[in-house]
Number of protein chains: 2
Amino acid sequence: MDQTICPKFEKALSIMNKRWTSLIIFQLLEGSQRFCEIESAIGVSGRVLSERLKDLEKEGMVKRTVHDETPVRIEYSLTDKGHSLKPALNQIQSWADQWIEAE
Amino acid sequence: MDQTICPKFEKALSIMNKRWTSLIIFQLLEGSQRFCEIESAIGVSGRVLSERLKDLEKEGMVKRTVHDETPVRIEYSLTDKGHSLKPALNQIQSWADQWIEAE
DNA sequence: TATAGTTAGTTACATAAAGTAAGTAACATA
DNA sequence: TATGTTACTTACTTTATGTAACTAACTATA
């Protein structure tokens, strides 16, 4: 593997290209949401959602907030770093609008 | 799985989120290239590169051209549809520049 | 003629990632 | 005591990817 491609870009893609990551962030752009909301909104399995949210937290893109209610309520929201992906996702959205046909 | 998210967007992500797809397109934005050039530039295995190029051809994003030389030379290039992903990839690039730290 | 070299793949097999469905902790309510 | 809730985790299956050897269709070299 040469080093022809920018390592920051490759790092970014290694995050974004993991299955579900982009959809999770896209979903959280609507506002903070809880585990089961994200799960049912995008159709990801609990096992993988749990994994991804931990990864995204570790990357500083998602924040996890515990509300001590009963039953416990946990909210996931985007940090600035997470939120700043919005323009990129919007570009993908507008590409999709132009080039993907409705099935 | 609800249908809260735009199906075109989901389709777009199902293409882009496959491992290597974005890097392959990014690489081809530099100009048409042959199999082994892409392979060594981004470090993808031949097995997967072959699979991805077929997918991208089927999606109308990549064009495969055979030059009858010896040994045979095959060039892969972007179609308009493939090329039009450039703004999205540029957005990811600039996000990476801002938010990813050099290791 | 036999041997080796070229590109663009394919094949067989091993490992890693994701899907599925059941289980758990820590409560509250009926 | 049994049931329900949320936010996960665990065990197991299926799918995706990595690795490395192999093939087709030539040409060049010994």
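**Close-up views of a predicted protein–DNA model**

In this predicted model, a polar side-chain atom of Arg34(A) lies 3.4 Å from a sugar or linking oxygen of DNA strand D. Local features are restricted to pLDDT of at least 70 and side-chain atom pairs to pLDDT 80 or more, while totals for chains, interfaces and linings use all residues; side-chain values use heavy atoms, without hydrogens and water. Residues are numbered from 1 along each chain as its sequence is written, with chains lettered from A and ligands numbered from 1 in the order in which they are written.

**View 1. Polar contacts to DNA strand D.** A polar contact is a pair of N or O atoms within 3.5 Å; within protein, one must be able to donate a hydrogen and the other to accept it, and residues adjacent in sequence count only if both atoms are side-chain atoms. A side-chain N or O atom of Arg64(A) is 2.6 Å from a phosphate oxygen of DNA strand D. From chain B, a polar side-chain atom of Trp20(B) is placed 3.3 Å from a phosphate oxygen of this strand.

**View 2. The protein surface near DNA strand D.** There are 21 residues around the strand, and Ser50(A), Arg64(A), Tyr76(A), Arg47(B) and Thr70(B) come nearest (near: a heavy atom of the residue within 4 Å). At least two residues each are supplied by α3 (35–42), α4 (46–58) and β3 (73–78) of chain A and by α4 (46–58) of chain B. Helices (H or I, at least four residues) and strands (E, at least two) are DSSP runs, numbered from the N terminus. The surface has 8 nonpolar, 4 polar and 9 charged residues, where Ala, Val, Leu, Ile, Met, Phe, Trp, Tyr, Cys and Pro count as nonpolar, Asp, Glu, Lys and Arg as charged, and the others, Gly among them, as polar. Of the strand D atoms within 4 Å of the protein, 69% belong to sugar or phosphate and the rest to bases.

**View 3. DNA strand C and its surroundings.** Of the 21 residues around DNA strand C, the nearest are Arg47(A), Arg52(A), Thr70(A), Ser50(B) and Tyr76(B). Arg47(A) places a polar side-chain atom 2.8 Å from a base nitrogen of DNA strand C. Phosphate oxygens of DNA strand C lie 2.4 Å from a polar side-chain atom of Ser50(B) and 2.9 Å from a side-chain N or O atom of Lys54(B).

**View 4. Helix α1 of chain A against helix α6 of chain B.** Residues 7–16 of chain A form α1 and residues 86–99 of chain B form α6; the helices pack at about 110 degrees, with their axes 8 Å apart. Axes are lines fitted to C-alpha atoms, for helices over the stretch in contact, and angles run from 0 to 180 degrees between N-to-C directions. The pair is therefore roughly perpendicular (65 to 115 degrees; under 35 is roughly parallel, over 145 roughly antiparallel, the rest oblique). Residues in contact (heavy atoms within 4.5 Å) include Phe9(A) and Leu13(A) of α1(A) and Ile92(B) and Trp95(B) of α6(B).

**View 5. The α6–α6 pair.** Helix α6 (residues 86–99) of chain A packs on α6(B) at about 170 degrees, with an axis separation of 8 Å, which means that the two are roughly antiparallel. Pro87, Ala88, Gln91 and Ile92 of both chain A and chain B make this contact. By class, there are 6 nonpolar, 2 polar and no charged residues.
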